[in-house]
Amino acid sequence: MALETPRRALRQAARELRHRVASSAGTSTATGTSTGPDTGTGTTTGTDPADLSAELERLRARLTKAEAKVARNKDQLAQMRARFRAALDLADADRLHDDLERTIAQVRTENLTFLRPAYLRDLAQVVLDLERDRVPGTIVEAGTALGGSAIVLAAAKSTARSMKVYDVFGRIPEPGERDGADVHKRYQRIASGEATGVGGDTYYGYRDDLYSEVTDSFARHGVGVDGHNVELVKGLFEDTIDLDEPVAMAHLDGDWYDSTMVCLQRLAPLLVPGGRIVLDDYYQWSGCRRAVDDYFAGRDEFEPQWRAKLHVVRR
């Protein structure tokens, strides 16, 4: 997904220059021959270490500039792809059976999710397809906020299929050094108390007892956790996601690099053939995007599907 050619070319040029600087310095020391401009006291070779070092610094500056351009192009490409796929998916999205459509409408009316109906239908359809094809494994949502999308997933699955919902059920953890400026800017807004929730409601991270709210919402929408084989797990992903069973589908909404990477490291190896991971934030937050790119690099057993949300399918 990255544009590697400018980086490879400039790095190769930088390596060659460093080699020339080292070789030139060694030759000058061994022979006493001047490698600088012709002053009448030595032989000019045209490989003055000072000149080569200056050229190397210019190449380093060009490399930095090229890498920044690659990053910008990558972000723009992801955004364009997301807009294109979203337009197609919104146009092609089929309505589901009445009970699921009613659930989607209700969680939207109650401001329980940031996701639009077409995205919720897409998630529900993934689960319906798993049930139809009898793909084994549990369903996971990591990062549930107010529980809207998890409620839709639970309504689409059979009661026999287990589902685990992981969240801190409070304020999300601080991003790290591998997250971009966009992520840190967003977190500062959250930390300052200025974030707003869906439809102008109180932001979910500021709620006093989010766990109880989400539990009540599941029950209110007919998929109570006790009777519908759903478990809400409170805590950081790194402390709570510890499965040793097959996973049929994982909906990841971890926002930042570290949280997304933990989810991928612990859930992707458990994904069954035909199972999939849906990445909610790949097109939105740089940290999530970088974690996904880093994890799946060289893992050919996984196939990306560029939809309104990025899907990754186990071959």
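Modeller: A residue counts as buried when its relative accessible area is under 20%, as exposed over 50%, and as partly exposed in between. The model discussed here is predicted.

Biologist: Is C288 buried or exposed, and what is its relative accessible area?

Modeller: The limit for a buried residue is 20%. C288 falls under that limit and is therefore buried, with a relative accessible area of 2%.

Biologist: How many disulfides does the structure hold?

Modeller: A disulfide is a covalent bond between the sulfur atoms of two cysteines. For C263, the closest cysteine sulfur is that of C288, and the gap of 9.4 Å is too far for a bond. C288 is likewise in no disulfide, its nearest cysteine sulfur being that of C263. The number of disulfides in the structure is zero.

Biologist: What is the relative accessible area of C263?

Modeller: C263 is a buried residue. Its value lies under the 20% limit, at a relative accessible area of 1%.

Biologist: Which residues of helix α10 are buried?

Modeller: Helix α10 spans residues 286-296 and is mostly covered, with nine of its 11 residues buried. C288, already discussed, belongs to this group. The complete set is S286, G287, C288, R289, A291, V292, D293, Y295 and F296.

Biologist: Why does D293 count as buried?

Modeller: D293 is found in helix α10. To count as buried, a residue must be under 20% relative accessible area. D293 meets this condition because its relative accessibility is 12%.

Biologist: How far apart in space are D293 and Y282, C-alpha to C-alpha?

Modeller: In sequence, D293 and Y282 are 11 residues apart. In space, the separation from C-alpha to C-alpha is 9.5 Å.

Biologist: Which residue just after α10 takes a positive phi?

Modeller: Helix α10 ends at residue 296. Just after this helix, a positive phi of about 80° is taken by G298.

Biologist: What kind of aromatic pair do Y282 and Y283 form?

Modeller: The structure holds eight aromatic pairs. The rings of Y282 and Y283 lie 5.6 Å apart, centre to centre, with 80° between their planes. Both residues are buried. An angle over 60 degrees counts as edge-to-face, and the pair of Y282 and Y283 is accordingly edge-to-face.

Biologist: What kind of aromatic pair do Y203 and Y204 form?

Modeller: Y203 and Y204 are both buried, and ring pairs link them with Y206 into a cluster. The centres of Y203 and Y204 are 4.5 Å apart, and their planes meet at 40°. Planes under 30 degrees apart count as stacked and those over 60 as edge-to-face; the pair of Y203 and Y204 is tilted.

Biologist: Over the ring of which residue does the charged end of K309 sit?

Modeller: A charge over a ring also occurs at R299, which lies over the face of Y295 at 3.9 Å from the ring centre. For K309, the charged end is 4.9 Å from the centre of the ring, and that ring belongs to Y119.

Biologist: Which residues are the closest to the centre of the largest pocket?

Modeller: The largest pocket has a volume of about 930 Å³. Of the 44 residues that line this pocket, the closest to its centre are Y204, D253, G254, D255 and D281.

Biologist: Which element gives the largest share of the lining of the largest pocket?

Modeller: The elements that give two or more residues to this lining are α5, α6, α8 and α9. By class, the lining has 21 nonpolar, 12 polar and 11 charged residues. The largest share from an element is three residues, and the element is α9.

Biologist: How many residues of α5 are buried?

Modeller: Helix α5 covers residues 148-156. Among its buried residues are G148, I151 and A156. This helix is mostly covered, and of its nine residues the number buried is eight.

Biologist: What is the phi of A145?

Modeller: A145 has its place in the loop between β1 and α5. At 15% relative accessibility, this residue counts as buried. Although A145 is not a glycine, its phi is positive, at about 55°.

Biologist: Is N229 buried, exposed or partly exposed?

Modeller: N229 lies in the loop between α7 and β3. This residue is not a glycine, yet its phi is positive, near 60°. Its relative accessible area is 34%. That value lies between the limits of 20% and 50%, and N229 is therefore partly exposed.

Key:
Residues numbered from 1 in each chain as written. Predicted model: local features only at pLDDT ≥ 70, side-chain atom pairs only at ≥ 80, totals over all residues. Heavy atoms only, no water. Disulfide = S-S within 2.5 Å. Buried < 20%, exposed > 50% of the residue type's maximum accessible area, 1.4 Å probe, protein only. Phe/Tyr/Trp six-rings, centres within 6.5 Å; stacked < 30°, edge-to-face > 60°. Lys NZ or Arg CZ within 6 Å of the ring centre and 35° of its normal. Helix = DSSP H or I, 4+ residues; strand = E, 2+ residues; numbered from the N terminus. 1 Å grid on protein atoms, 1.4 Å probe; cavity = no way out; pocket = protein on both sides within 12 Å on 5 of 7 lines; lining within 4 Å. Points joined across faces, edges and corners; volume = space filled by probe spheres on them. Nonpolar A, V, L, I, M, F, W, Y, C, P; charged D, E, K, R; others polar.
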